[in-house]
Amino acid sequence: MTHDFAPSRRRFLATSAATATAAVAAPYVITSKALGDATTPPASDRIVMGGIGLGNMGSGDQRAFLADPRVQYVAVCDVREKWRAEARDRVDEKHGAGSCATYVDFRELLGRDDIDAVHIATPDHWHALMTIAACRAGKDIYLQKPETLTLREGPLMIQAARRYGRVVSGGSQRVLEDYRRIVDPCWAGELGRITSIDIEPGPSSMACYLPAVATPPDIDWELWLGPAPWEPYNPGRCDGNYGAGGGSWRSYIDYSGGSLTDWGAHNFGGTIFAAGLLDLQPVKAVWHPASSDGKAAAYATLVYPNGVDVHCNRPKTLRPADPAATVTHERGITIRGDGNAVPPRPVPAYRGGVSIYGDFIECVKTRQRPFRDLEGAVNTMTAPHMLGLVRRLERSVEWDRAAQRFVNDEEANRLLDRARREPWIL
Amino acid sequence: MSSDRISLDDGFKALAAFDWGADAAPLATIDAAVVACHGQESLTSDLEKRFGAIVGGKASRAAKEYACRKLALIGTAASVPVLAPLLADPIESHMARFALERIPAPAAGDALRQALGAARGDLAIGMISSLANRRDAASVPALGALLGGDPKTAAAAAAALGRIATPEAATALAAAPPAAGPVADAVIDARLACADAMLAAGDRAAAKAIYQALAAASGATPRTHRGRAVRVAAKSGLLACLDETVSP
């Protein structure tokens, strides 16, 4: 179902101070910036944006959107005072002092009708709730990867996006960048029909038992946790960026799938896109226990309905010799084909720009589907989520895509989702 | 000490004394036992009883939360009597739901519904959230009765009815008392969800009635982002009802 409405002209609202509500300052002076020029649309034609989650990735996303002349950035939201202030300062530097409102609670930002679109870069446990709320508020969304934390979230997010006619882009910019060396030969047909893949996903997330530390005054801990189980504040629980073995929130199961889904969104993203699996989900995940002599570690195989097997962390000793039709990527990816000629396909490009950010903005304006459209992102994330599940259960599972449930597997179906802490409801 | 040398009994002794910041290595024995017990009823039942003793005993919040996480995976109706009393406790309620929400036994749903009857405020919203996730059709009358009450609870009840999305849920939403703001928005979102579910199930007439009602009402709303999004949803739904090849 396509939804075909163009955003109406926006009235540029000037604020005289960083306030929580947009107010028209009096008198309103039309600045030269508001009128636009040869490279910058007039303010009334710009996409009005806000950001939710302005930490490491969020600040990078914000910088990219601030640099786009089609964007008028007006609001930031973060539960940490320092990141709110820094994000606000970046906007003020671009648009002038007092240009940016700050919020702690994302619902207040989403409640602003002057905002057309938001970018979201909170920890993963917030992604689904915020995306669905933003869809209901009529916003378009740029959502950092991994787009989902559980298997149940993806279909609900897609329902909301399609129901309300929203543009929702996932944030895997690496598919068309780092992974071109596998995308191009696959799409050119050089490998023929793809037959099998080996990929090296990182570790899954784990439980967190860090001790309680006094909560500093500059973080809203209740809102940081949100729907996740209450656990005491500890900087090791919520700080850090990419630590997999306990170095950051990405290590912990309540907030993330671990490096498995974090880097997995990129590795699976590039691989699945290259191999033409973006419209598919695995039909089963097969668990291969470690060999009894201890020489081969356990691994899993995701079986796709078109016959492609994606082996995850398969020991090299168990891999066959690569056929001639093989491409590799230094991040541990090997894609094999049957070598029979298949017609080449042109690799889709970002729309209206050279980056995934520009692609999103162009799609907000034209109402086209973005490069990392939500359906493709959810299909992609199904792979690492399913892998994480079989790692946890240490056995195989079978997936019913239509029902979005595991077949005859009550135990696996208990892992589709998790209870959210009140008052949050999906 | 390597967790391999710790017996399950010692693992549970460590769990009974566990708190955040303590050495978690002994818990690995329990983790492994939960994985290994799949398909073995007597082992699962033994573990379930042990976790129940932790939940119902004097262990720390951290220890009880660990036990609730495991009961989410292996709990049965047998765990409902020890989990249900925690639903009324503001500290323990969420983790009790963490387990109950995923226990498929009808007794778990019964416990959540019963707790909803007595709960207020955020605790009530917690029960509602879990009933929504269970798509608990039996809770529709109770949820419908909440639509005219406290606004936050009413909005949550509406959201839950939208997740359950049965014809009875749609009827309850259609009968919701007039509301404004977040409650009105939640009712509209839920009615759209019900209509989409009806359309997907092939009941075009019922879906069309909802889309028509919402499309007509949305014509009077301000031209806000939210208003436009609702109009898009309602009108797209109507179009889908007209064309049998199109689904939402």
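Biologist: How many residue pairs are in polar contact between chain B and chain A?

Modeller: In this predicted model, 24 residue pairs are in polar contact between chain B and chain A, counting pairs in which both residues have a pLDDT of 80 or more. As to class, the side of chain B that touches chain A consists of 30 nonpolar, 14 polar and twelve charged residues.

Biologist: Which elements of chain B give two or more residues to the side that touches chain A?

Modeller: They are α2 (27-36), α4 (61-74), α6 (93-100), α8 (121-133), α10 (151-164), α12 (181-200) and α14 (225-242) of chain B. The greatest share comes from α14(B), which gives ten residues to the side of chain B that touches chain A.

Biologist: How many salt bridges are there between chain B and chain A?

Modeller: A salt bridge is recognised when a side-chain nitrogen of Lys or Arg is within 4 Å of a carboxyl oxygen of Asp or Glu. Between chain B and chain A the count is five. One case to inspect in the structure pairs D189(B) with R136(A), where the closest N and O atoms are 3.7 Å apart.

Biologist: How many residues of each chain are in contact, and what area do chain B and chain A bury between them?

Modeller: On the side of chain B, 56 residues are in contact with 50 residues of chain A. The two chains bury about 4100 Å² between them, and 56% of that area is on carbon and sulfur atoms. Of the area that chain B buries against chain A, 18% is supplied by W20(B), L73(B) and H225(B), more than by any other three residues.

Biologist: I should now like to read each chain by itself. How many helices and strands does chain B have?

Modeller: Chain B has 14 helices and zero strands. Along the sequence, its pattern is accordingly written α-α-α-α-α-α-α-α-α-α-α-α-α-α. The radius of gyration of chain B is 23 Å, well over the 18 Å that the globule rule gives for 248 residues, so chain B is more spread out than a compact globule. Its C-alpha trace spans about 70 × 40 × 30 Å along the principal axes.

Biologist: What does the radius of gyration show for chain A?

Modeller: For 426 residues, a compact globule would have a radius of gyration near 22 Å, and the 22 Å of chain A agrees with this. Taken along the principal axes, the C-alpha atoms of chain A fill a box of roughly 80 × 55 × 35 Å. This chain has 13 helices and 14 strands.

Biologist: Which peptide bonds of chain A are cis, and where do their prolines lie?

Modeller: One cis bond runs from K145(A) to P146(A), with omega near -10 degrees. P146(A) is in the loop between β5 (140-143) and α6 (153-163) of chain A. Another cis bond joins E422(A) and P423(A), with omega about 10 degrees. P423(A) belongs to the segment after α13 (410-413) of chain A.

Biologist: Where in chain A do Q404(A) and N408(A) lie, and what is phi for each?

Modeller: Q404(A) is a residue other than glycine with a positive phi, near 55 degrees. Its place is the loop between β13 (397-400) and β14 (405-406) of chain A. N408(A), also a residue other than glycine, has a positive phi near 50 degrees. N408(A) is found in the loop between β14 and α13 of chain A.

Biologist: What confidence does the predictor report for the model and for each chain?

Modeller: The model scores ipTM 0.96 and pTM 0.93. Chain B averages a pLDDT of 94, and 96% of its residues score at least 70. Chain A averages a pLDDT of 90, with 91% of the residues scoring at least 70. Over residues 1-28 of chain A, however, the pLDDT is below 50, and this stretch has 57 contacts in the model beyond near neighbours in sequence. Where pLDDT is low, the predicted coordinates should not be read in detail.

Methods: Residues numbered from 1 in each chain as written. Chains lettered and ligands numbered in written order. Heavy atoms only, no water. Contact = heavy atoms within 4.5 Å. Buried area = accessible area lost by both parts, 1.4 Å probe. Polar contact = N/O pair within 3.5 Å; in protein donor to acceptor, adjacent residues only side chain to side chain. Helix = DSSP H or I, 4+ residues; strand = E, 2+ residues; numbered from the N terminus. Nonpolar A, V, L, I, M, F, W, Y, C, P; charged D, E, K, R; others polar. pLDDT = per-residue confidence, 0-100. Rg over C-alpha atoms; globule rule 2.2 N^0.38 Å.
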